[in-house]
Amino acid sequence: MPAIGVFALQGDVREHVATLSALGADAFTVRRPSELERCDGLVLPGGESTTMAKLARTFDLLDPLRQRVKDGMPTFGTCAGMILLADRIRDGIEGQETIGGLDVTVRRNAFGRQVDSFEADLPFTGLDDPVHAVFIRAPWVEEVGPGVEVLASAEGHPVAVRQGHLLATSFHPEVDGDGRVHRLFLELVGR
Ligand code: GLN
């Protein structure tokens, strides 16, 4: 049973823990470096990326997170978590830090204020049927590096990507989802 941590200094932690547990993973919260050490894989939840980065810095988690991701720990970022994994951010706040590792540029709050939140059924590479995707003040991916595979798009913009051991979605598969995207992540962890 893989040990999957969910970054828990801020964000929709419970939904991820519940989804992972339902799939048979040993899911637990990560708030300190010792908990990070236990992880076979990590989920970075949705929330507020600026706050999450600041808290990670304050709680001495940012550099250990960067190191683990660099060392190849499978990591799945959803929404704010996608922003945290991105190497480059547009419309971030001044000096906004990321964990990085994913060779993409993401634009925060990209889908605009009018459509702050919306839902869509999206074809998703590797899954037979479309995924029900919930977007909440979501980013999109504007540029991808050569090693990045686009798995799903919405309104012409990539919203799910994979690069080696890293998976990221602009939307929230832990909300109203059926667990299939998390199962894909657990397959990455199992490799
Ligand atoms: N807009 C948020 C941010 O920039 C992300 C929103 C979310 O995670 N649902 O961090």
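This is a short tour of one predicted protein model, from its overall build to two annotated sites.

Because the model is predicted, local features need pLDDT of at least 70 and side-chain atom pairs count only at pLDDT 80 or more, while totals for chains, interfaces and linings use all residues. Residues are numbered from 1 along each chain as its sequence is written.

## The overall build

Let's start with the whole thing. The protein has six helices and twelve strands; these are DSSP runs numbered from the N terminus, with helices (H or I) of at least four residues and strands (E) of at least two. Along its principal axes, the C-alpha trace spans about 40 × 40 × 30 Å. A compact globule with 191 residues would have a radius of gyration near 16 Å, and the 15 Å of this protein agrees with that. That radius is taken over C-alpha atoms, and the globule rule is 2.2 Å times the number of residues to the power 0.38.

Buried residues make up 43% of the 191 residues. Here a residue is buried if 20 or more other C-beta atoms lie within 10 Å of its own, exposed if 12 or fewer do, and partly exposed in between, with C-beta atoms placed from the backbone. Of the contacts with a separation of 6 or more, 64% are between residues 24 or more positions apart. Two residues are in contact if their C-beta atoms, placed from the backbone, lie within 7 Å.

## The core and a small sheet

In soluble globular proteins, nonpolar side chains tend to be buried together. In this model the largest nonpolar core has 55 residues, and Leu84, Leu85, Ala86 and Val106 have the most contacts inside it. Such a core is a set of buried Ala, Val, Leu, Ile, Met, Phe, Trp, Tyr and Cys residues joined through C-beta atoms within 7 Å. Leaving out residues up to four places away in sequence, alanine 86 touches Thr98, Gly100, Leu102, Val104, Thr105 and Val106.

Now for a sheet. Three strands come in the order S5-S6-S9 to make an open sheet with mixed pairing. Its edges are strand S5 (86–90) and strand S9 (140–144), each pairing on one side only. From one strand to the next, the twist averages 30°; axes are lines fitted to C-alpha atoms, for helices over the stretch in contact, and angles run from 0 to 180 degrees between N-to-C directions. Strand S6 (residues 102–107) runs antiparallel to S9, joined to it by four bridges, and two strands count as paired if DSSP finds at least two bridges between them. Threonine 105 sits opposite glutamate 143 in S9.

## Packing around helix H6

Helix H6 (residues 180–190) has Val181, His182, Leu184, Phe185, Leu186 and Val189 as its buried residues. Their cover includes strand S1 (3–7), helix H1 (13–22), S3, strand S4 (75–78), strand S8 (131–136) and strand S12 (166–169).

Threonine 75 lies in S4. Its C-alpha atom is 9.9 Å from that of leucine 186, although the two are 111 residues apart along the chain. Beyond four places in sequence, threonine 75 touches Gly41, Leu42, Leu44, Val69, Leu85, His165 and Leu166.

## Two annotated sites

An unreviewed UniProt entry lists Cys79, His172 and Glu174 as "active site". They span 96 residues in sequence, yet no two of their C-alpha atoms are more than 10.8 Å apart, so they gather at one spot. UniProt positions follow the numbering used here, feature names are shortened, and annotations may be inferred rather than shown by experiment.

Histidine 172 is in the loop between S12 and H6, and glutamate 174 is found in that loop too. Not counting residues up to four places away, histidine 172 touches Gly46, Thr78, Cys79, Val134 and Ile136. With the same exclusion, glutamate 174 touches Asp12, Glu15, His16, Thr19 and Thr78.

The unreviewed UniProt entry also gives Gly47, Glu48, Ser49, Arg108, Ile136 and Arg137 as "binding site". Those span 91 residues, yet no two of their C-alpha atoms are more than 12.8 Å apart, so they gather at one spot as well.

Glutamate 48 is in the loop between strand S3 (41–44) and helix H3 (49–58), while serine 49 lies in H3. Leaving aside neighbours within four places, glutamate 48 contacts Gln10 and Ala80, and serine 49 contacts Ala80, Ile83, Leu84 and Arg108.

Here is how some of these residues are surrounded.

| Residue | C-beta neighbours within 10 Å | State |
|---|---|---|
| Glutamate 48 | 15 C-beta atoms | partly exposed |
| Serine 49 | 29 C-beta atoms | buried |
| Threonine 75 | 28 C-beta atoms | buried |
| Histidine 172 | 25 C-beta atoms | buried |
| Glutamate 174 | 27 C-beta atoms | buried |
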